[in-house]
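Open your viewer, switch to a cartoon view and keep the selection box handy. We will go from one selection to the next, with a few words at each stop.

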Amino acid sequence: MSGRSERVRGKLSYAEAIREALDIAMDRDERVVLMGEDIGVYGGAFQVTGDLFGKYGPERVIDTPISELGGAGVAIGAAMTGLRPVFEFQFSDFAALAMEQIVNQAAKLRYMLGGAVSVPVVMRFPAGSGTGAAAQHSQSIEAWLGHVPGLKVVQPSTPEDAKGLLLSAIEDPDPVMIFEHKLLYKTKGHVPRGHYETPIGEAALRRIGHSLTIVATSIMARKSLSAAEELARQGIHADVIDLRSIRPIDRETVLASVRKTGRLMCVYEGVKTLGIGAEISAMVAESDAFDFLEAPIVRLGGAECPIPYNPELEKSVVPQEPDILEAARNLVQGRI
Amino acid sequence: MPVEVIMPKVDMDMASGKILAWHVSAGDEVSKGDPLFDIETDKAAMEVESPGDGILRFPVDEGAVVQIGRPVGWIYADGEVASDPPGGIPSSKDEFRQSVPGEATADGSRNNISSGPDNISGKFRASPLARSLARADGFEIATIVGTGPRGRIEAKDVRNYQARRESEADTSDALAVSESASGTGTPIILLHGFASDAKSWTRLESNLGQRPLVRMELPGHGRSQILKAVGFPDLAATVRQTFDGLNLDKAHLIGHSLGGALLLDLANARPDLVASLTLIAPAGLGPEINGELLAGILRATRSESLGPWLKKLVADESLVTESYVQAAMRDRMEQSTRAAQEAMADALFPDGVQAFDLRAALARVEVPTRILWGKQDRMIQWNHALRAPGRVAIHLLDGIGHMPQIEAPEEVARIIEANL
């Protein structure tokens, strides 16, 4: 820690922050191993693992065959027997192939074996739309896994959180699912050096206001923040909560904000119906914060259809900044 | 989705209206703007126009009394199926209707809250916060008129209701008064101008030394309630009533703009109780006033549109900072506040003319009187001051606009202090 260059460095991208977290974790704990399709020599479908294969070799950066079910099963078994595997899916959509291992094994074993084992596996899921990858490579399925007791599910929206939540996940004794929005990989931000952990289950209040509460996840937190800047110029001041973790959910941060603002809007990319917004809305409706509501709750979520390939249609089926602006104005100015 | 025809709010304190007569019958075709029905309120009868094009369906009976914001019928588009009204039809006996809660649908539709009629008999739309406030204070939510969407009772409606009840319990129409905590000597009464409030004295107050201060606020301004009668004689009577309620032996009066005119009227009516009169850019000394500037301020619903007009109130426009404008806009956010001030402006300054003349009152007032005016005033011309009789002191301030108490508080305070 000597000299200016040690203390000051440029911003890192979200993908670089994840790679740095993996590197730090592998360096300090040899139980940490990486698994996934094309994560070794090729460096990962989104170049997240990069050159870690060169640094740690094929024993610790393991290319798995094209079988999500098999790969996930190996990672879970390795976790039960003492390793700390980080398993990368090429696309979160392919979790569907590995659901048996994730839902019926990883999430259940500690419970069913009376605590005799735990499954400290981390699974990384490149997620979301906006890359022109069409219906089978663009979904936001975090709510599927958020429905399963025994899993933890996080959605970092900044490079700093991508690193801190991954380091927390690796330390966690239970399976942690990390959803990384593909459009975020190239976004840059300040990332603290060295090892640090961002607690799982704590939301981040990104902006403080009094007119309404916006609870958003992943890339929608960024879009909401940007919309909130514009809203502020129009005299509408939003509390913007980046949920970061959907299981467990940071109930108190959401409720405290709703008690203050009396107006709640949820913004998320997953399909709106039976999604994260439904959970947040119900949580508020079931709590004392209900008594502070001044207007109906608003949810902005993905449309009830597969993600289209056509880029214009693709944009139209998930909330965009103008949608957030309009919905917030309608909510605050008493049009609903 | 049929267009809802609602009972409009046509005057300030209207809670419900009676359907006198329909101009068209159920099944008739109407166009937007056609006369649809006549209503009668406590104060007036008026014609209501159609809000859309289509076929009128399910009109409520003539003679029915309907709360404002609640539907009295629906206009269906040509060919739109209308087997049932969007949620149970009102009758003349029952002004509230079946609830059609907004449904979350799995078919891709937006989460519209149903815009159909609502309310199971005897139930009211009210926000949870409004309900808990009403519950905490122990009164029936049903007694409150909602001003939110579809007549929803919101927290502000409950608070306004509370404030109204409190002030009614006090004296009928008295203005809100705030007093400084300490000070000795003859008290100073401060009355702000139109579309302002007691906060406009803050800068002057810190220069006024240790005298007790009593700030009044005009109806529909600051914390004062909205009054129905807003002509100059009504306002002057309210100011007198509020002043009498203070039971002071003697007071110095300082009024700005409209507040100046009202305190001049007060000094004329209560000469024995007034120690001195200071008029800052007072209204009432001539017909001219900048109607465009008044209208611009009244019209503004956002800080972006308010700011440019506020800047015209001062000579040095850098005084009007963005945060100042935002604070001013926050005070004007309530639609009811803006509506009340518009009604006042319409009565006091019709067509951009000062409709009241206090030159005769100024000629009669014998207490020591001075007029302060900024020579760059763009609201009321400073040369109105020249119409004052010879014993009135006139202070003309260079490089100052319509708000000397904000633009040059030290100098204004020095002039006032020297004469107290």
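**Stop 1: Leu253 of chain B.** Select Leu253(B) and show its surroundings. Leaving aside residues up to four places away in sequence, Leu253(B) touches Ile189(B), Phe243(B), Leu263(B), Leu266(B), Ala267(B), Val274(B), Ser276(B), Leu277(B) and Thr278(B). Before you move on, please keep in mind that this is a predicted model.

Now widen the view to the core around this residue. The largest nonpolar core has 62 residues, and Leu253(B) and Leu258(B) are those with the most contacts inside it. Colour residues 258–269 of chain B: this is helix α5 of chain B, which gives the most to this core, with seven residues. For a second, separate core, select Ala25(A), Met26(A), Val317(A) and Ile324(A), which are among its 55 residues.

**Stop 2: chain A as a whole.** Hide chain B for a moment. Chain A has 13 helices and 14 strands. Its C-alpha atoms fill a box of roughly 60 × 55 × 40 Å along the principal axes. The radius of gyration of chain A is 20 Å, which agrees with the value near 20 Å for a compact globule of 336 residues. Of the 336 residues in chain A, 58% are buried. Among contacts in chain A with a separation of 6 or more, 82% are between residues 24 or more positions apart. If you turn on the surface, you are looking at about 13,500 Å² exposed by chain A, with 55% of it supplied by carbon and sulfur atoms.

**Stop 3: the seven-stranded sheet.** In what order do the strands of this open sheet in chain A run? Going across, you meet β3-β2-β4-β5-β7-β6-β12, and the pairing is mixed. Select 61–63 and 245–247 of chain A to see the edge strands β3 and β12, each of which pairs on one side only. Direction ignored, neighbouring strands of the sheet are turned by 20 degrees against each other on average.

Helix α4 of chain A, residues 68–80, packs on this sheet and touches β2 (32–36), β4 (84–88) and β5 of chain A. The direction of α4 makes about 165 degrees with that of β4(A).

**Stop 4: strand β2.** Zoom in on residues 32–36 of chain A. Are the residues of β2(A) buried or exposed? Five of the five are buried, so β2(A) is largely enclosed by the rest of the structure. Val32(A), Leu34(A) and Gly36(A) lie on one side, with Val33(A) and Met35(A) on the other, and both faces are covered. In a regular strand the side chains alternate between the two faces of the sheet.

Next, look at the neighbours of β2(A). With β4(A) it pairs in the parallel sense over five bridges, and with β3(A) in the parallel sense over three bridges. Gly36(A) is a handy residue to label here: it stands opposite Glu88(A) in β4(A), and its bridge partner in β3(A) is Asp63(A).

**Stop 5: β5, β7 and helix α5 of chain A.** Select 122–127 and 176–181 of chain A. These strands, β5 and β7, pair in the parallel sense over six bridges. Label Arg124(A) and you will find its bridge partner, Ile178(A), in β7(A).

Finish with residues 99–106 of chain A, which form helix α5, where Gln101(A), Ile102(A), Val103(A) and Ala106(A) are buried. The cover over these buried residues includes α4, α6 (109–112), β5, α7 (142–146) and β7 of chain A.

Terms used
Residues are numbered from 1 along each chain as its sequence is written. Chains are lettered from A and ligands numbered from 1 in the order in which they are written. This is a predicted model: local features need pLDDT of at least 70, side-chain atom pairs count only at pLDDT 80 or more; totals for chains, interfaces and linings use all residues. Side-chain values use heavy atoms; hydrogens and water are left out. Two strands pair if DSSP finds at least two bridges between them. Helices (H or I, at least four residues) and strands (E, at least two) are DSSP runs, numbered from the N terminus. Axes are lines fitted to C-alpha atoms, for helices over the stretch in contact, and angles run from 0 to 180 degrees between N-to-C directions. Contact means heavy atoms within 4.5 Å. The radius of gyration is taken over C-alpha atoms; the globule rule is 2.2 Å times the number of residues to the power 0.38. Buried means under 20% relative accessible area, exposed over 50%, partly exposed in between (1.4 Å probe, protein chains only). Accessible areas come from the Shrake-Rupley method with a 1.4 Å probe; for residues, only the protein chains shown count as cover. A nonpolar core is a set of buried Ala, Val, Leu, Ile, Met, Phe, Trp, Tyr and Cys residues joined through side-chain atoms within 4.5 Å.
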